[in-house]
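This report covers the salt bridges of one protein model. Please look over the sequence and structure before reading on.

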Amino acid sequence: MFRSRSHQLVVTSHRPGRRWLEILLWVLAILFFFLVGFFWGSGFLDNAVLENHRMTSELQQLRAEEKELRQQFTNVQLASNVDRGSLEQVRKLVTSLQLQLAANEEELRLYRNLMQPGGSESGLQIGELMLKSLGDGQGASYRIVIQQKDSKLETVKINLKVELEGARNGIKETLSLDQLDENVETSPVAVKFKYFHMLEGVLTLPVGFEPRAIKVSVWKTNASANAVERRFDWHLDEA
């Protein structure tokens, strides 16, 4: 004979307010986590904003430093250019003074020669010849001084002849002054002076002509037998 199982009944009390309390607690929990996340996110955002401001400030400072460095570099370049310009001006001034000093020394040597006794029988003397290159390879400026040293100085009339000796195409050739200096019309040149005479001008060399020496001759008018001659090697000084 089988014994039947009995079902047990559980009796619970019905409490409607507890259900609403649980819902309220869940809502408060969700709200709490939301607020925590919000404030935490707000703090992170504030830090990001501050970091961005800091980096922006540093960038502006770096740009200002770069601008200042560029200005300093420009100033250094300008100062360097000014120094180079000043140095070039000083160099030109020194060169000019040296040329002037050389000219003064030449003039002083000339006047010293005028004061020295002696000379040829005719009283005429040929001074040093000065030749300076024109820089083109086809010409030179020249200057030569003729003076008299008689004990009794009087105005004298002389003839002055200048000849350039050289070669062209391997053949010896002699050119007169009127062939070389466009301002000289005839050769010899008639000159009248008392103390000294300075003959100067520009020699233009023919193409292919190789100069070797210059011969200078001078004599009193109607006294060619007493001519004074002097020969100079062709040597150019830098202008």
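Which residue forms a salt bridge with Arg231? The partner is Glu165, and the closest N and O atoms of the two are 2.9 Å apart. This pair links distant parts of the chain, since Glu165 lies in strand 3 (residues 156-168) and Arg231 in strand 8, 66 residues apart. The model is a predicted one, and a search of the whole structure gives seven salt bridges.

Another of these contacts joins the side chains of Arg230 and Glu128, with an N to O distance of 2.7 Å. Arg230 belongs to strand 8 (residues 228-233) and Glu128 to strand 1 (residues 124-133), so the salt bridge ties together parts that are 102 residues apart in sequence.

A further salt bridge is formed by Glu173 and Arg168, where the closest N and O atoms are 2.7 Å apart.

The three pairs are listed below.

| Acidic residue | Basic residue | N to O distance |
|---|---|---|
| Glu128 | Arg230 | 2.7 Å |
| Glu165 | Arg231 | 2.9 Å |
| Glu173 | Arg168 | 2.7 Å |

Accessibility is available for two of the pairs. Buried means under 20% relative accessible area and exposed means over 50%, with partly exposed in between. Arg230, at 30% relative accessibility, therefore counts as partly exposed, and Glu128 is partly exposed with a relative accessible area of 44%. In the other pair, Glu173 has 23% relative accessibility and counts as partly exposed. Its partner Arg168 is partly exposed as well, with a relative accessible area of 26%.

Salt bridges also occur as a network, which links Lys161, Glu163 and Lys215.

Definitions and conventions
Residues numbered from 1 in each chain as written. Predicted model: local features only at pLDDT ≥ 70, side-chain atom pairs only at ≥ 80, totals over all residues. Heavy atoms only, no water. Salt bridge = Lys/Arg side-chain N within 4 Å of Asp/Glu carboxyl O. Helix = DSSP H or I, 4+ residues; strand = E, 2+ residues; numbered from the N terminus. Buried < 20%, exposed > 50% of the residue type's maximum accessible area, 1.4 Å probe, protein only.
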